[in-house]
Number of protein chains: 6
Amino acid sequence: MSKLSHYDSAGTARMVDISAKNATTRTASAHAFIHMSAEVLAALPNNPKGDPLEVARIAAILAAKRTPELIPLCHQIPLSRVDIEFGIESAGIRVKSFVSCTAGTGAEMEALTAAAVAALTIYDMTKALDKGIVITDLHLLSKSGGKSGDYKREKND
Amino acid sequence: MSKLSHYDSAGTARMVDISAKNATTRTASAHAFIHMSAEVLAALPNNPKGDPLEVARIAAILAAKRTPELIPLCHQIPLSRVDIEFGIESAGIRVKSFVSCTAGTGAEMEALTAAAVAALTIYDMTKALDKGIVITDLHLLSKSGGKSGDYKREKND
Amino acid sequence: MSKLSHYDSAGTARMVDISAKNATTRTASAHAFIHMSAEVLAALPNNPKGDPLEVARIAAILAAKRTPELIPLCHQIPLSRVDIEFGIESAGIRVKSFVSCTAGTGAEMEALTAAAVAALTIYDMTKALDKGIVITDLHLLSKSGGKSGDYKREKND
Amino acid sequence: MSKLSHYDSAGTARMVDISAKNATTRTASAHAFIHMSAEVLAALPNNPKGDPLEVARIAAILAAKRTPELIPLCHQIPLSRVDIEFGIESAGIRVKSFVSCTAGTGAEMEALTAAAVAALTIYDMTKALDKGIVITDLHLLSKSGGKSGDYKREKND
Amino acid sequence: MSKLSHYDSAGTARMVDISAKNATTRTASAHAFIHMSAEVLAALPNNPKGDPLEVARIAAILAAKRTPELIPLCHQIPLSRVDIEFGIESAGIRVKSFVSCTAGTGAEMEALTAAAVAALTIYDMTKALDKGIVITDLHLLSKSGGKSGDYKREKND
Amino acid sequence: MSKLSHYDSAGTARMVDISAKNATTRTASAHAFIHMSAEVLAALPNNPKGDPLEVARIAAILAAKRTPELIPLCHQIPLSRVDIEFGIESAGIRVKSFVSCTAGTGAEMEALTAAAVAALTIYDMTKALDKGIVITDLHLLSKSGGKSGDYKREKND
């Protein structure tokens with residue numbers, strides 16, 4: 001099992017050196033689900049404006065770009081694509097994020113941060129209706145590129 | 001049922017007016033759980049240094065303060081306290097955040113953002129071991145203060 | 001005529017002292033106009049989604065909150081309201097911003113920054129169609145509160 | 001006429017994928033004009049210190065670097081040059097910004113954001129004298145590089 | 001001797017609770033010195049423009065406002081004044097910062113951060129001439145307000 | 001002696017053009033020392049947790065990434081490594097920062113900013129014990145890469 005790359009022998013935090021890594025094209029996709037009652041779902045502006053999702057989409061794109069300010073040991077990687085998809089289901093709202101970059105390290109955290117902030121923004125815009133909303137299943141869906149190779153989560157949601 | 005306070009009659013997003021609200025003391029607490037394998041948990045520096053949690057703690061405190069930059073319609077509220085607790089359990093790591101403020105609106109989103117960023121940071125620092133880590137049960141634990149009154153989630157985690 | 005309050009006797013920049021000022025409720029409203037061709041206007045998703053305006057609205061609300069990071073000598077004032085209105089006219093898009101705060105200084109720059117960033121965002125989202133778009137008439141519409149009293153621009157747009 | 005590149009078929013906002021674009025050298029220049037009375041112009045420290053313009057210059061350079069935080073769908077592009085020029089004229093102050101980058105997309109928004117923030121900063125530093133100041137003619141002057149080719153605005157200011 | 005207020009019994013970092021503290025007027029002043037050779041000092045634009053100092057002044061004012069983003073356990077306090085003074089001496093440049101706020105905690109870190117960033121900016125603008133420049137004597141000069149009472153450093157610089 | 005590269009003939013600030021420079025691997029290391037009494041040093045949690053240093057380490061890594069937001073004329077350079085070392089000595093705490101990047105300009109300011117923010121954070125976490133703490137000897141230790149060649153400070157601390 002590989003060791004925790006964020007720790008050196010002394011066990012202190014550091015931003016690991018990726019100087020020797022070539023910049024290659026990488027992608028990552030992440031997922032989150034916002035559980036909300038049918039009542040709250042029904043109250044979402046269900047006309048074509050669909051604003052809560054549009055606000056969350058913009059918040060997620062902006063947050064993806066600021067991931068290295070939020071996650072201390074993340075490298076600064078310029079994202080070449082950020083895309084957010086929402087699905088309205090009977091139990092709540094499903095969020096999927098898709099990011100791409102050409103960098104020396106992957107963009108998994110950017111994808112996860114985008115999904116998390118999208119979910120938090122939807123929470124913020126609906127919490128007046130229900131304080132019991134729960135965000136769950138925040139995880140990586142897939143990644144490609146980089147020496148650790150590709151990854152695809154086996155469907156279980 | 002109260003209406004979605006983020007929407008005016010035209011259904012467009014706005015930062016709602018809290019000018020008329022008095023600044024009162026408010027608290028909020030939020031929760032997240034990071035599911036990880038026993039193998040990954042065992043690999044966490046299990047000596048008193050406990051660094052992954054310390055990095056996550058600092059990231060969470062910083063993120064709580066930047067919530068209005070991340071969640072578009074949040075008001076800027078100065079936090080008078082941010083505290084993060086971690087519990088290491090057999091199935092993973094439990095995160096609880098506690099925030100206080102004296103403001104015209106509550107700090108639920110600050111508590112939730114802190115818990116989310118703590119969980120994402122732990123994910124970042126352990127993902128080299130397991131890409132299947134899942135963050136779940138991100139929700140409000142309790143809030144106090146404000147005209148909507150107090151809230152306490154019935155224990156179900 | 002009052003002197004330039006940003007300059008002390010030595011003519012060096014400073015953030016002027018407002019310690020002695022009481023926090024009172026203040027409002028400010030600003031305006032901008034984005035001149036674009038009928039062709040570009042027609043290409044705006046003219047269905048109820050109206051996305052370019054929704055993206056601009058969110059960008060403007062976020063920018064208003066970050067005004068003291070952008071305008072060096074602005075004080076940090078917590079905004080109690082930010083609202084953005086758009087009007088689609090034959091010659092382009094009109095933007096109006098409305099902000100409120102309870103602070104020791106006014107929020108004119110927050111209103112102007114919101115209007116400017118809304119206009120820049122619309123420019124960004126339509127520039128693929130026309131590089132000749134022009135943003136004009138960026139100015140204050142009105143302000144209330146504070147010792148300098150109220151101000152209302154005589155209609156000339 | 002090219003379609004709005006910020007919109008996919010579903011009409012939802014996204015940060016468009018530039019993964020396939022080569023990083024090439026690009027430049028962009030933008031313009032803004034701050035209309036102010038002769039009285040306000042005369043009150044500008046007209047000695048060699050010229051501070052209001054120096055503060056605006058620094059604000060503009062800093063803002064250019066933060067454009068992707070302000071304009072939601074902008075990519076993060078490292079700027080290799082930012083330069084701001086001011087001209088004091090009888091009717092007010094003319095701002096010109098010049099930016100360069102080596103990237104997969106252009107820096108028009110960085111140039112426009114720099115010009116806008118320079119103008120807003122000058123407004124902030126002179127508004128004590130006149131609330132009627134107007135910022136106008138905020139537009140692109142020229143761009144070079146990229147597949148959409150070069151652009152030069154025909155002089156009309 | 002008072003205990004380290006940033007640590008609770010478990011020794012983990014937290015943003016200490018200041019909910020119970022009244023907002024009172026507080027001031028803080030800090031100092032830094034940039035040692036540079038006579039040659040570098042002579043090369044500073046020694047005309048009235050004095051630009052390196054003006055750039056540093058603006059950088060310092062902006063940095064003071066962002067202290068809680070940089071120093072993890074600092075509270076967000078709105079500054080009512082930030083002022084920077086420079087003295088050109090035979091051995092280098094002396095920086096003094098002066099900040100005021102009305103808050104439940106003091107602004108010592110804001111004053112120190114302003115002085116540090118002013119010094120770093122001067123370093124940045126002169127390093128082409130001499131990589132041996134040293135910033136020293138970064139310390140608090142004085143503070144007033146708050147329950148810990150006033151403090152004035154005995155002159156020793 | 002090279003001229004001040006931040007100034008053009010007109011003596012106005014600008015972000016110098018590095019378009020023509022090739023991106024090469026560069027490193028920089030900086031130093032700071034926090035003088036504190038034996039009493040304050042003894043009060044530092046002297047168990048393996050060593051928290052004040054861990055908080056400072058994270059703050060320093062985050063600050064290094066945000067250097068171009070703090071130092072106005074710095075270019076945005078993606079850091080490939082940030083590492084912070086602390087030494088506890090009889091007179092105080094020694095900080096050393098190590099950064100690497102592949103860019104068209106060096107990362108000296110990133111190294112210096114990291115060292116400065118680490119020192120300021122330690123100050124913040126110990127100031128309750130002693131307001132007389134002094135940060136000194138903030139300077140470059142070494143740099144490599146770039147046309148100006150390598151630099152190594154002769155040991156004098």
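## Exercises on the chain interfaces

Across the interface of chain A and chain B, the rule finds two salt bridges, a salt bridge being a side-chain nitrogen of Lys or Arg within 4 Å of a carboxyl oxygen of Asp or Glu. The model is predicted, so local features need pLDDT of at least 70 and side-chain atom pairs count only at pLDDT 80 or more, while totals for chains, interfaces and linings use all residues. Residues are numbered from 1 along each chain as its sequence is written, chains are lettered from A and ligands numbered from 1 in the order in which they are written, and side-chain values use heavy atoms, with hydrogens and water left out.

**Exercise 1.** State how many residues chain A and chain B each bring to their contact, and what area is buried between them.

*Solution.* Step one is the residue count: 57 residues come from chain A and 57 residues from chain B, where contact means heavy atoms within 4.5 Å. Step two is the area: about 4700 Å² is buried between chain A and chain B, and carbon and sulfur atoms give 67% of this. Buried area is the accessible area (1.4 Å probe) that two parts lose on being put together, summed over both. Step three compares the two sides: 100% of the interface residues of chain A are also interface residues in chain B, so the copies meet through the same surface.

**Exercise 2.** Describe the polar links between chain A and chain B, then the make-up of the side of chain A that touches chain B.

*Solution.* Start with a salt bridge: the side chains of A:Glu69 and B:Arg66 meet at 2.7 Å, N to O. Next, nine residue pairs are in polar contact across this interface, both residues at pLDDT 80 or more; the term needs a pair of N or O atoms within 3.5 Å, one able to donate a hydrogen and the other to accept it within protein, and residues adjacent in sequence count only if both atoms are side-chain atoms. Then list the elements of chain A that give two or more residues to this side: α1 (38-43), α2 (51-65), α3 (67-70), α4 (108-126) and β4 (134-144). The largest share, twelve residues, comes from α4(A). By class, the side of chain A that touches chain B has 32 nonpolar, twelve polar and 13 charged residues.

**Exercise 3.** Which operation lays chain A on chain B, and which C-alpha of chain A is nearest the axis?

*Solution.* Two copies of a chain are related by a rotation about an axis and a shift along it. Here a turn of 180° and a shift of 0.0 Å along the axis lay chain A on chain B with an RMSD of 0.0 Å. That is the relation of a two-fold axis. The C-alpha of A:Thr136 is the nearest in chain A, 2.1 Å from the axis. A:Thr136 can be read together with the strands: β4(A) and β4 (residues 134-144) of chain B run antiparallel and are joined by two bridges. A:Leu138 has B:Ile135 as its bridge partner in β4(B).

**Exercise 4.** Work through the interface of chain B and chain C: contact, area, then polar links.

*Solution.* In contact are 16 residues of chain B and 16 residues of chain C. The buried area is about 1400 Å², 51% of it on carbon and sulfur atoms. B:Met15, B:Glu69 and B:Gln76 supply 40% of the area that chain B buries against chain C, more than any other three residues. The rule finds two salt bridges between chain B and chain C. B:Arg14 forms a salt bridge with C:Asp83, the closest N and O atoms being 2.6 Å apart. Ten residue pairs are in polar contact between chain B and chain C.

Notes
Helices (H or I, at least four residues) and strands (E, at least two) are DSSP runs, numbered from the N terminus. Ala, Val, Leu, Ile, Met, Phe, Trp, Tyr, Cys and Pro count as nonpolar, Asp, Glu, Lys and Arg as charged, and the others, Gly among them, as polar. Two strands pair if DSSP finds at least two bridges between them. Copies are superposed by least squares on the C-alpha atoms of residues with pLDDT of at least 70 in both.
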